[in-house]
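Work through the exercises below with the sequence and the coordinates open. Each task is followed by a stepwise solution.

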Amino acid sequence: MTASSSLTSPPAIGTVLHGVPVVAGVQYAPVIRPGKPPQIDPGADADLDEADRAAEGERFSAAAATVAERLRERAAHATGSASEVLAATATLAQDRGWLGVAEKRIKDGAPAVRAVNAAIEQFVEMFTKLGGLMAERVTDLRDIRNRVVAELKGLPEPGVPVPDEPSILCAEDLAPADTAGLDPTLIVALATTLGGPTSHTAIIARQLGIPCIVAVTGLDDVPAGAMALVDGTLGTITIGPDEAAARDAVAEAQRAAASAANWSGPGATADGHAVAVLANVQDGAAARSASQTPAEGIGLFRTELCFLNTETEPTVDEQATIYTEVLEAFAGKKVVVRTLDAGSDKPLKFAGHPDEANPALGVRGIRISFNNPAILDHQLEGIAKAAERSGNPPWVMAPMIATAEEAKNFADKARSYGLTPGVMIEVPAAALLADRILEHVDFLSIGTNDLAQYTMAADRMSADLATLTDPWQPAVLALVAMTVKAGVAVGKPVGVCGEAAADPVLACVLTGFGVTSLSAAAAAVQGVGAKLAQVTLQQCRDAAEAVLTTSTAADARAAAMSALG
Ligand code: PEP
Ligand code: MG
């Protein structure tokens, strides 16, 4: 994490900076920034005398242990994913891999600060080369380095200061350990220069329920102390806005949040047009927690997330046990199980992924089964077993379908296990031929995260390209509209299960296109349902028509807001 280091002048009063909206809500407060990380000059200190090396090694071990212990303590006082993130960072702080490299360097004469820096950079390079989820841990590694170096130098712990009034935390990026420890009554909104909609910052902001924007251009120039208005729905941060107008905007957003908290389902527009509002889950625990919300079912069960750390293929029975938990949490309700979306940023050890230069365009999702059909067969068998045990037969869908033939092969196989087959529409080719795919399957579910990535040719993990992977991009919306139209024409259900469905305004646009279900993170369910309940189907249709005439994501958003009143 770095504090603002820009030498350019701060933005003028009233400047509106744009980023990618991640968590809705509006807040007006002063900006605070994280403390600077300690300066590290790798060439500054001379090599140690032989006689001093053992003591330096002990000083290093004690510093690393202190940092890990502090993180563990904070994990013990936090809850939910905040606690998990802190515990994971504490474990990384005590990881034998980098500790061993640092110890060896100290034995060879390096002072502890230089040894820590070199060891961490070695692992940063390795993780970066591995890409995907490993690359995302680079921020954690550097955060640990900064904490250990600060401890060695006797400096205060770097990170987020505890403000004495509610504040907006602005940073280049935030280490998970910092975001996990945040108090939402004091840090009332987050904005970062880097990060994408799926970054740690975004995940924790969702859990804390505070407005969040990532990939904000020009944010580094906003000084601590400036008053700012963050709009997590529009993705804007206004510097030094008119105070009365800003306070009105906050009050209005609070009224909307209160109405969301009162929404108890089922999903329908103000004039009674039904749209099922469903939850996205990744295991039994998440399904049980989603069942406490008004979600009418599960629109996306990401099965691959159950097996990210599994070395060998789980048996059919092991799989059936996990799937049964999810089906039982929503007994008698709709559950859509997605077959393994292994590959790209979610490699599974047992899936036999080939070494690929470009894994997002490689053997991912359904493509894993081309050379290894048994994996899909075993999974469908496990799902069929879970259906029998729970008495709740789910729908099943395959990810990354690109052709009608792939859809047909999957549908034939799923039906042979007695399951109701559908496919995800995430590849532009599938959206373009949705009518032909629908000849073979019973339903479609649009994955807007990947559909945006592949339509815009922009890596969804890239912060630099986050404005391109915005689901409001009119090209993405055009493909969504086309897919839904194909479903409406033959009377088959078409849902959306990507992050687009979690945006209450976009959810209304999708309803205007004609989707039959919206599936979002459990935390977003009430906001989506409440917004839908405030607008008529005609307003949704007007919004849908309006976005299709725009040329930019910002214009599409503005056009929809205006049509929805
Ligand atoms: C999507 O791509 O929109 C989707 C829901 O799948 P995932 O985010 O798991 O790739
Ligand atoms: Mg996807």
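The exercises go from the whole chain to single elements and residues of this predicted model.

**Exercise 1. Overall build**

Task: Describe how the protein is divided into domains and state what its radius of gyration says about its overall form.

Solution:
- Step 1. The domain assignment lists domain 1 (15–35 + 159–256), domain 2 (52–153) and domain 3 (263–564).
- Step 2. Taken over C-alpha atoms, the centres of domain 2 and domain 3 are 38 Å apart.
- Step 3. For 565 residues, a compact globule would have a radius of gyration near 24 Å; the value here is 25 Å, which agrees.
- Step 4. Along the principal axes, the C-alpha atoms fill a box of roughly 80 × 60 × 40 Å.
- Step 5. The secondary structure consists of 22 helices and 16 strands.

**Exercise 2. Burial, contacts and surface**

Task: Find what share of the residues is buried, and what the exposed area and the charges look like.

Solution:
- Step 1. Of the 565 residues, 53% are buried.
- Step 2. Among contacts with a separation of 6 or more, 69% join residues 24 or more positions apart.
- Step 3. The exposed area is about 23,000 Å², and carbon and sulfur atoms supply 54% of it.
- Step 4. There are 42 positive and 67 negative side chains; the centres of the two sets lie 2 Å apart.

**Exercise 3. Two covered helices**

Task: For helices H19 and H17, determine how many residues are buried and which elements cover them.

Solution:
- Step 1. Helix H19 spans residues 504–513, and 10 of its 10 residues are buried. Among them are Pro504, Cys508, Thr511 and Phe513.
- Step 2. The cover over the buried residues of H19 includes helices H18 (474–490), H20 (525–533), H21 (537–547) and H22 (553–563), along with strands S15 (494–496) and S16 (517–521).
- Step 3. In helix H17 (residues 448–456), eight of the nine residues are buried, so this helix is largely enclosed by the rest of the structure. The buried set includes Asn449, Asp450, Gln453 and Tyr454.
- Step 4. The buried residues of H17 pack against strands S10 (297–302), S13 (420–425) and S14 (443–446), helix H15 (428–432), H18 and S15.
- Step 5. Just after H17, Ala457 has a positive phi of about 50°.

**Exercise 4. Val496 in strand S15**

Task: Is Val496 buried or exposed, and which residues does Val496 touch?

Solution:
- Step 1. Val496 lies in strand S15.
- Step 2. Its relative accessibility is 0%, so Val496 counts as buried; the cut-off for buried is under 20%.
- Step 3. Leaving out residues up to four places away in sequence, Val496 touches Ile446, Thr448, Ala501, Leu510, Val515, Ser517, Leu518 and Ser519.
- Step 4. Val496 and Ser445 are 51 residues apart along the chain, yet their C-alpha atoms are separated by 5.3 Å.

**Exercise 5. Thr236 and Gly159**

Task: Where do Thr236 and Gly159 sit, and is each buried or exposed?

Solution:
- Step 1. Thr236 belongs to strand S8 (residues 236–239). With 11% relative accessibility, Thr236 counts as buried.
- Step 2. Beyond its neighbours within four places in sequence, Thr236 is in contact with Val16, Leu17, His18, Ile213, Leu229, Val230 and Asp231.
- Step 3. Gly159 is in the loop between helix H6 (138–153) and strand S4 (167–171). Its relative accessibility is 8%, so Gly159 also counts as buried.
- Step 4. The C-alpha atoms of Gly159 and Ala286 are separated by 30 Å, with their positions 127 residues apart along the chain.

Methods: Residues are numbered from 1 along each chain as its sequence is written. Chains are lettered from A and ligands numbered from 1 in the order in which they are written. This is a predicted model: local features need pLDDT of at least 70, side-chain atom pairs count only at pLDDT 80 or more; totals for chains, interfaces and linings use all residues. Side-chain values use heavy atoms; hydrogens and water are left out. Domain bounds come from an automatic or database domain assignment. Helices (H or I, at least four residues) and strands (E, at least two) are DSSP runs, numbered from the N terminus. The radius of gyration is taken over C-alpha atoms; the globule rule is 2.2 Å times the number of residues to the power 0.38. Buried means under 20% relative accessible area, exposed over 50%, partly exposed in between (1.4 Å probe, protein chains only). Contact means heavy atoms within 4.5 Å. Accessible areas come from the Shrake-Rupley method with a 1.4 Å probe; for residues, only the protein chains shown count as cover. Lys and Arg count as positive and Asp and Glu as negative; His and the chain ends are not counted. The place of a charge is taken as NZ of Lys, CZ of Arg, CG of Asp or CD of Glu.
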